[in-house]
Number of protein chains: 4
Amino acid sequence: MKRIALLTSGGDSSGMNACVRAIVRFGLHEGFEMIGIKRGYSGLLDRDFINMDSKFVSGILQKGGTILLSARCEEFKTDKGQEEAVRILEEEKIDGLIVIGGDGSLTGANVLHNMGIKVIGVPATIDNDIYGTDMAIGVDTSLNIIVNAIDCIKDTASSHERAFIIEVMGRNCGYLALASAIASGAEAALIPEIPFDIEKLGDLLYARYKSGKTNSIIIVAEGAASAYTIQRKLKNLAGYETRITVLGHYQRGGYTSVFDRILASRLGRMAVDGLANGRSGEMVGLWDGKIEFISLDKVLATKKLLDYRLLKLAKVLV
Amino acid sequence: MKRIALLTSGGDSSGMNACVRAIVRFGLHEGFEMIGIKRGYSGLLDRDFINMDSKFVSGILQKGGTILLSARCEEFKTDKGQEEAVRILEEEKIDGLIVIGGDGSLTGANVLHNMGIKVIGVPATIDNDIYGTDMAIGVDTSLNIIVNAIDCIKDTASSHERAFIIEVMGRNCGYLALASAIASGAEAALIPEIPFDIEKLGDLLYARYKSGKTNSIIIVAEGAASAYTIQRKLKNLAGYETRITVLGHYQRGGYTSVFDRILASRLGRMAVDGLANGRSGEMVGLWDGKIEFISLDKVLATKKLLDYRLLKLAKVLV
Amino acid sequence: MKRIALLTSGGDSSGMNACVRAIVRFGLHEGFEMIGIKRGYSGLLDRDFINMDSKFVSGILQKGGTILLSARCEEFKTDKGQEEAVRILEEEKIDGLIVIGGDGSLTGANVLHNMGIKVIGVPATIDNDIYGTDMAIGVDTSLNIIVNAIDCIKDTASSHERAFIIEVMGRNCGYLALASAIASGAEAALIPEIPFDIEKLGDLLYARYKSGKTNSIIIVAEGAASAYTIQRKLKNLAGYETRITVLGHYQRGGYTSVFDRILASRLGRMAVDGLANGRSGEMVGLWDGKIEFISLDKVLATKKLLDYRLLKLAKVLV
Amino acid sequence: MKRIALLTSGGDSSGMNACVRAIVRFGLHEGFEMIGIKRGYSGLLDRDFINMDSKFVSGILQKGGTILLSARCEEFKTDKGQEEAVRILEEEKIDGLIVIGGDGSLTGANVLHNMGIKVIGVPATIDNDIYGTDMAIGVDTSLNIIVNAIDCIKDTASSHERAFIIEVMGRNCGYLALASAIASGAEAALIPEIPFDIEKLGDLLYARYKSGKTNSIIIVAEGAASAYTIQRKLKNLAGYETRITVLGHYQRGGYTSVFDRILASRLGRMAVDGLANGRSGEMVGLWDGKIEFISLDKVLATKKLLDYRLLKLAKVLV
């Protein structure tokens, strides 16, 4: 193992930079050459390579987004693109590759592994929908941003005695919605994993209204329903008036939280360690508080279940 | 002057509570009875009055929203409602009234003044569209929230090399859009006061792209256009792809900034002072750095012009 | 189990309120009467009891400090005081007690358990020095405050090309110092667990200076040394000039982070659950990502070791 | 006017970078060559010059500190140093110089002006002690940081029912102490401009204690007294126990507030404008809400008085 390359891919999440920094610092410390690939798989096919020294990753620890940039790449999804990627990595004498990203990015990583490239994956996505890690890089920062925004909206909701529907990210996974509902003391969370009953939601609003609680916050994961749909259905149900806020791209990031900085540093360090020890086709993850390796085959084949402990908590507190 | 009542009305803005606190503290200090009216003009008609002591306003200095609550009131817009309001204020022996709110709220305040009630208005709205004050209560806090969100989105925009359209509040007034564009280093701001040319916007994006700047931020005031409209037009123009974030109610509030806490305290104190000195039909405002009185007639009759100095600044920096 | 009492004791940490809220909400949900004891063991001896309903804990989820207040109590450390406490708890027909606090508070809890009272402890302290829980309530919030402050100071340090010594809390435990050094990219962390060599520290500063890195950040846990001592020693060593910031009580708190809100909610819920199931003399803790019970005897008899994984990380990154 | 140089000097304040950015962007826009001088007057004597293009100031708008760095320079205080500086500026064909900093920096600027160099000063210091500008660059950001920290400490103070003394910056000027006391609802502010009476402070604490208010916050400007002195005196007076926090360098900065970003941009733009129009020996300042020029002679000869309106406000609210 002499030259290690790394790339970030897919939607960005806060802490990717902290992870890049840890990988480069630890890699250099171990005596490897560290090569950054810009724009994910797209940059790989374009040979958009860059030598990374310690100075390159200086001052990025807290910065949101990714200095390596990210991009979609349709070409890499084809056999031809993948063969080309392997050839380029071989020509560039890359001995090992680290892929930081979400589900799609890790799928790509596993393809390369199966074609003979040494690859380790690092889970980074705000959705927290990757099996094999309790928390992906970026989730904690996003949660704090979301909950901070809900706290703001609650001030308005209380002042105007209104019900608000707040739509958060999460296509297949209700983690952000559920955790932010618990952390903000919201009245309900609608998530993709559990079918919801609009009439029960209406009953809840009505019961609160009857008991003198004049404001309510409902969190909706984008994968469960659009906030507009819920608004319309509540209106049709019994004339319930609600306000809407869709917390768009703003959820992705900015200033990285301490949890994400440390998680990203630990995972990054372990990813280099894995490659140095001959591992491949694995992801590093936070498993019951420890950093562990888990095969990418397993990660990609298993649906991450919703944390039932959060669910039980939500049933009492939300 | 023995009994002073106060109410907050219209959309809430951060700093209303700091203002309520200053009014109550200073009023009590001067020996007045201080009466809170809940839910604005609606609560006035419902005689939703409450005696406010020093303890009542303890711990609210930094809190967003308004502890006096706010509500719409169609009834107060009618002659009958207004006469009823005057009768109630007289029956409750209110010697003076302070109204904290935006344009509509101050219009109501002036109506009561013209019907013989002693009234002073305090400008509070995030739109900053009230003539007679450089800054209304809440503007600074909202701007910081908006700019903070844009800073987050810029991280994503840079990482993905994309253009983002961010819609901010401001129905008739581009202040929030213009000031946040300057403060965030956005590439363009579309505001209601100045007609925009979608082709010039397209040219700007194209010129940036050609010069290697792959990300752009465009701020749109809701009164200028919907972010969705701009997105569609840019798409139709030359296939420009953009992402959208609509910063909804989240802009209104939360944790009050120091500027708003001090402005609200100064305006609140002066409002009590005004009533104590027999003034009525006036608004207290921040005029060239000083707290001044200005007649509500003038305030309501004059359209606040956009600060041309900001505009000149934007032309160079944005 | 009919009446459950709860108290907070010792130094406050952010998330205590979230925990109080969860305990009360879940307790009421399970059909218990919930009794708050003000000012910790001191209030217990003063019978400073209060019935807590759902409204009592409304709006406190994100608030720093503790609405139940905290105080020192010398009297409770005596046999007489402890016997009195037991008598009062019996007279007040308290069937179970939940104690939220740090080492000293949990010691008191175990004493009461050994005297026949049903007691469950919940770890809350910013020092993170309690065996049996990966993270105590308040640690994550404090870390984010500390790291945020260090990020600020780094701006100044870079601009003036100076070395800064920053003293953080931690009498026996270097966790805050170590974790904040990793998360802020500091150059060194001095902690009570590991003897430090002032000459090596001097060498490090010198080596950085020689390589053109003109600013440095050194974190010192108060238990390792005073920042002033380090400053003087570096001065004496070779004339090194450093600046100092002591991050005092400000580290304790404020606005609770999402991690602490959820951890506090989970621990609080489980504490009620434990009492309801007849448990006593145990603490609820976060053990490898799960909420577990552990005997107070074990908690109090075992010194929490520094996380060697953080240490290894620090050796590379710091 | 062809080549404009700029430097930052003295203690850094947040917004210096926003000002540097505005100067460079506007200068380039007007067709000037823009030269950055590193490390203030020290770098001037070392000819530490750098050509600044638009890219150089990209991404610094919100960053605390100063990318141009700052340093002390004893040599520049001598006649020989000043003559050398003039010779260097002439040799480097600098047609105009912009100096961003506090009192000492502006004194240097005026010296150069009197020796024939075209110079404009921009006030930047967190102390807000410069005559001729309502607010210097950095004051608003510092105030928000200070008040945020006090809000945190208040949570602890309430929970433990204690009095806290918080020391803030301000050697000759009580602005930060006074404004932060108003904005945080502190109980007292001790400032250099007004002699304080320790017995009256004791009486205030005692009166609060008697009326059941068990926590207090006292703000001390470093120029009025050290927090330790006040603590000792209160102890000696009648055994009052207080806690102390000294908010050191952390006050200087970090993430720039919107107010400072816009103020810095306006002042920076106007400074270039001034040089372009042949002005020299003047400072740009915020005077009654407008950007104005004022002679450096006047600025340096006049002591900035404390804002009596804040003082009146403090008398009622603090």
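Which residue is the bridge partner of L6(A) in β2(A)? I will start there and work outwards. The model on the screen is a predicted one, so please keep that in mind throughout.

The partner is G36(A). That pair belongs to strand β1, residues 3–8 of chain A, and strand β2, residues 33–37 of chain A, which run parallel to each other and share four bridges.

Now the sheet around them. In chain A, seven strands make up an open sheet with mixed pairing, and the order across it is β3-β2-β1-β4-β5-β10-β11. The edges are taken by β3 (49–51) and β11 (290–295) of chain A; each has a single partner strand, so one side of each has no neighbour in the sheet. From one strand to the next, the twist averages 30°.

Next, a helix on that sheet. α1(A) lies across four strands of chain A, namely β1, β2, β4 (96–101) and β5 (119–123). Relative to β1(A), the helix runs at about 180°.

For the strand β4, I will switch to chain D. How many of the six residues of β4(D) are buried? Six of the six are, so this strand, residues 96–101, is largely enclosed by the rest of the structure. You can see this on both faces: G96(D), I98(D) and I100(D) are buried on one side, and L97(D), V99(D) and G101(D) are buried on the other.

β4(D) has parallel pairings to two strands that I want to point out. With strand β1 of chain D, residues 3–8, there are five bridges, and T8(D) has I100(D) as its bridge partner in β4(D). With strand β5 of chain D, residues 119–123, β4(D) again pairs over five bridges. There, the partner of L97(D) is V119(D).

Now the nonpolar core. The largest one has 426 residues, and the members touching the most others are C19(A), C19(B), C19(C) and C19(D). Take the copy in chain A. Setting aside neighbours within four places in sequence, C19(A) has contacts with I100(A), V122(A), A124(A), I137(A), A264(A), L267(A) and G268(A).

That leaves the contacts between chains. I have two to show.

The first is between chains A and C, with 31 residues from chain A and 31 residues from chain C. On the chain A side, at least two residues each come from α1 (16–29), α5 (139–160), α6 (175–184), α9 (258–276) and α11 (308–317). α9(A) gives the most, seven residues. Sorted by class, this side of chain A has 14 nonpolar, seven polar and ten charged residues.

The second is between chains D and C. Here 30 residues of chain D meet 29 residues of chain C. On the chain D side, the elements giving two or more residues are α5 (139–160) and β9 (242–246). The largest share, ten residues, is from α5(D). By class, this side of chain D has ten nonpolar, 13 polar and seven charged residues.

How are chains D and C related? A turn of 180° with a shift of 0.0 Å along the axis lays chain D on chain C, with an RMSD of 0.0 Å. This is the relation of a two-fold axis. Both copies use the same surface: 97% of the contact residues of chain D recur in chain C.

That is the tour, and I will stop there.

Conventions. Residues numbered from 1 in each chain as written. Chains lettered and ligands numbered in written order. Predicted model: local features only at pLDDT ≥ 70, side-chain atom pairs only at ≥ 80, totals over all residues. Core = buried A, V, L, I, M, F, W, Y, C linked by C-beta atoms within 7 Å. Buried ≥ 20, exposed ≤ 12 C-beta atoms within 10 Å, placed from the backbone. Contact = placed C-beta atoms within 7 Å. Nonpolar A, V, L, I, M, F, W, Y, C, P; charged D, E, K, R; others polar. Least-squares fit on C-alpha atoms with pLDDT ≥ 70 in both. Pairing = 2+ DSSP bridges. Axes fitted to C-alpha atoms, helices over the stretch in contact; angles between N-to-C directions.
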